[in-house]
Amino acid sequence: MSAGRSLRSPTLALPGPAQAVAGVAAGFGIGVVAAIMGIASGELLIPTIVLFYSVDIKTAGSLSLLVSLPTMLVAFARYSRDGSFAVLGANL
């Protein structure tokens, strides 16, 4: 490759409203697949962000973590309220 060319992420050149609808549909599909298979959605979410919104891979990975943050915080709060972390203190 020449020095003047840069690597660009492939993208699905959709207009704004169609891109938003495709993003919502992809998010719903990813959520269903992740719930059925019991996987974290990052394996599917990161390529979707890269393809639909032409974001670089590092930013897409960060966005994937940002999306899962509310779920992790709610789970942490529920486990704390249940006393589930008491086992950790007992087995220290």
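This tour moves through a predicted model, from the overall fold to a pocket and then a surface patch.

**The whole chain.** Start with a cartoon view. The protein has four helices and zero strands. From the N terminus on, the order reads α-α-α-α. Now colour by burial. Of the 92 residues in the protein, 16% are buried.

**The largest pocket.** Select Ala-34, Ile-39, Ala-40, Ser-41, Gly-42, Glu-43, Leu-45, Ser-64, Val-67, Ser-68 and Thr-71. These residues line the largest pocket. The space inside comes to about 170 Å³.

Next, show helix H2 (42-53) and helix H3 (57-82). Each supplies at least two residues of the pocket lining. Which helix gives the largest share? It is H3, with four residues.

Colour the lining by residue class. Five residues are nonpolar, five are polar and one is charged.

**The nonpolar patch.** Turn to the surface view. Select Phe-28, Val-32, Val-33, Ile-36, Met-37, Ile-39 and Leu-44. Together they form a nonpolar patch with about 660 Å² of accessible area. Ile-39 is already familiar: this patch residue is also among those lining the largest pocket.

Now add helix H1 (residues 16-37). H1 provides the largest share of the patch, five residues.

**Ile-36.** Zoom in on this one residue of the patch. Ile-36 is found in helix H1. Is its side of the helix a buried or exposed place for Ile-36? Ile-36 counts as exposed because its relative accessibility is 70%, and the cut-off for exposed is over 50%.

Notes
Residues numbered from 1 in each chain as written. Predicted model: local features only at pLDDT ≥ 70, side-chain atom pairs only at ≥ 80, totals over all residues. Heavy atoms only, no water. 1 Å grid on protein atoms, 1.4 Å probe; cavity = no way out; pocket = protein on both sides within 12 Å on 5 of 7 lines; lining within 4 Å. Points joined across faces, edges and corners; volume = space filled by probe spheres on them. Nonpolar A, V, L, I, M, F, W, Y, C, P; charged D, E, K, R; others polar. Patch = residues over 30% accessible without salt bridge, like charges linked within 9 Å, V, L, I, M, F, W, Y side chains within 5 Å. Areas by Shrake-Rupley, 256 points an atom, 1.4 Å probe, with all protein chains shown as cover. Salt bridge = Lys/Arg side-chain N within 4 Å of Asp/Glu carboxyl O. Buried < 20%, exposed > 50% of the residue type's maximum accessible area, 1.4 Å probe, protein only.
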